[in-house]
Amino acid sequence: MIDILIKRTDSNDPDFRLLVSHLDHELWNELKEDQSTYDQYNQVPDLPTVVLIFSDRKPVASGCFKKYSIDTVEIKRMFVEKECRGRGISKLVLGELEAWARESGFQFAILETSIHFKAARRLYTNAGYSITDNYDQYVTDNYDQYVGLEESVCMRKKL
């Protein structure tokens, strides 16, 4: 029997930092030089809203959210180790992030993924997300970073 644990933590958690390093490595391998465009938008220092999933006490998945506007969060850094994919763990991460955002008073979630990541898009679509403009209609301060990026797929959901 596999033991699964869901942990709410922050972006300084060493297990989160480890998983993010695995995610970044995978993104650079998959997207090559295109990833340099996105790295600047993936920073999540001192973020208090991180979810980790442990399988048999080993960190295997992560995700986080940050406040985007008064009623909206942005889902960031979703990742599941390759050997654990296909077991529904990404749904656990996303569900926990959404629950936490609702508990915190947010009404919407937005996110960005690559046109190349079909499994991620399927996960988000099945979870109720719809493709939307690349954040230009939700611009707050400097959060229009995905406008004009053809490799980006942006999605939104009412929580």
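## Two nonpolar cores in a predicted model

The largest nonpolar core has 26 residues, and F65, I75, M78, Y124 and Y129 have the most contacts inside it. Such a core is a set of buried Ala, Val, Leu, Ile, Met, Phe, Trp, Tyr and Cys residues joined through side-chain atoms within 4.5 Å. Buried means under 20% relative accessible area (1.4 Å probe, protein chains only). Several elements each supply at least two residues of this core, among them those in the table.

| Element | Residues |
|---|---|
| β2 | 50–55 |
| β3 | 58–69 |
| β4 | 72–80 |
| α3 | 89–103 |
| β5 | 108–114 |

Helix α3 gives the most, with 6 residues. A second, separate core has 11 residues, including F16, V20, L27 and L47. In soluble globular proteins, nonpolar side chains tend to be buried together.

This is a predicted model: local features need pLDDT of at least 70, side-chain atom pairs count only at pLDDT 80 or more, and totals for chains, interfaces and linings use all residues. Residues are numbered from 1 along each chain as its sequence is written, and side-chain values use heavy atoms, without hydrogens and water.

Now look at I75. Leaving aside neighbours within four places in sequence, I75 is in contact (heavy atoms within 4.5 Å) with C64, F65, L94, L97, A109, I110, L111 and Y129.

The protein chain has 4 helices and 7 strands. These are DSSP runs, numbered from the N terminus: helices are H or I, at least four residues, and strands are E, at least two. Their order along the sequence is β-α-α-β-β-β-α-β-α-β-β. Of the chain's 159 residues, 48% count as buried.

Notes: Buried < 20%, exposed > 50% of the residue type's maximum accessible area, 1.4 Å probe, protein only.
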